[in-house]
Amino acid sequence: RGLTVCSEVLYDLSGSYRDIVVQQWLEYHRLIGVDHFVIYDTDGSLSVGGVLDSYMVSGFVTYFPRFPQWALSKQHAFVHQGASFPSHAAPDAQAASHCL
């Protein structure tokens, strides 16, 4: 691979504009030389409607739906909640570590 981009963890992408925005986002990056995308999603919302299907089949996108549910241990989630961190801090850090 030449250039891979990893998304930050995406939260609740919804609305009528979602599919076109995601397609434009991916196609823009393809035009500037990105040849692979890794997408992290908290709730699996991008798997609804098939917006990523053709990108995944072609190998342009690797998609991790419900990323925090399998990436964070129960102990990590317990400590994270008890420390009153923002709800997105642990999944974002874990996604960055996973991406690298």
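The following exercises, with worked solutions, concern a predicted model.

**Exercise 1. The buried side of helix 1**

Determine which residues of helix 1 are buried and where they lie around the axis.

Solution.
- Helix 1 spans residues 18-31, which makes 14 residues. From first to last C-alpha, helix 1 reaches 20 Å, close to the 20 Å expected at 1.5 Å a residue.
- The buried residues in helix 1 are Arg18, Val22, Leu26 and His29.
- These residues cover an arc of only 65 degrees around the axis and therefore lie on the same side of helix 1.
- On the face turned away from that buried side, helix 1 carries the exposed residues Gln24 and Leu31.
- The cover over the buried residues includes strand 2 (36-40), helix 2 (53-58) and strand 3 (61-64).
- Just after helix 1, Gly33 takes a positive phi of about 110 degrees.

**Exercise 2. The surroundings of His36**

State whether His36 is buried or exposed, and identify which side chain makes a polar contact with the side chain of His36.

Solution.
- His36 is located in strand 2.
- The relative accessible area of His36 is 5%; because buried means under 20%, His36 is buried.
- The polar contact joins the side chains of His36 and Thr62, at 2.7 Å.
- Leaving aside residues up to four places away in sequence, His36 touches a set of residues including Arg1, Leu3, Gly59 and Phe60.

**Exercise 3. The nonpolar cores**

Find which residues touch the most other members of the largest nonpolar core, and which elements each supply at least two residues of this core.

Solution.
- The largest nonpolar core has 13 residues, of which Leu26, Phe37, Ile39, Leu46, Leu52, Phe60 and Val61 touch the most other members.
- Helix 1, strand 2 and strand 3 are elements that each supply at least two residues of this core.
- A second, separate core of six residues has Val38, Tyr40, Phe67 and Ala95 among its members.
- Beyond four places in sequence, the residues that Phe60 touches include Leu26, Phe37 and Tyr55.

**Exercise 4. The salt bridges**

Establish how many salt bridges there are, and describe the accessibility of the partners.

Solution.
- The count comes to two salt bridges.
- Arg18 pairs with Asp19, with the closest N and O atoms 2.7 Å apart. Arg18 is buried at 10% relative accessible area, whereas Asp19 is partly exposed at 28%.
- Arg30 and Glu27 meet through their side chains at 3.3 Å, N to O, in a salt bridge. Being three residues apart in helix 1, Arg30 and Glu27 are separated by about one helical turn.
- Arg30 is partly exposed at 35%, and Glu27 is partly exposed at 30%.

Note on methods
Residues numbered from 1 in each chain as written. Predicted model: local features only at pLDDT ≥ 70, side-chain atom pairs only at ≥ 80, totals over all residues. Heavy atoms only, no water. Helix = DSSP H or I, 4+ residues; strand = E, 2+ residues; numbered from the N terminus. Expected span 1.5 Å × (residues − 1). Buried < 20%, exposed > 50% of the residue type's maximum accessible area, 1.4 Å probe, protein only. Arc of directions from axis to C-beta. Contact = heavy atoms within 4.5 Å. Polar contact = N/O pair within 3.5 Å; in protein donor to acceptor, adjacent residues only side chain to side chain. Core = buried A, V, L, I, M, F, W, Y, C linked by side-chain atoms within 4.5 Å. Salt bridge = Lys/Arg side-chain N within 4 Å of Asp/Glu carboxyl O.
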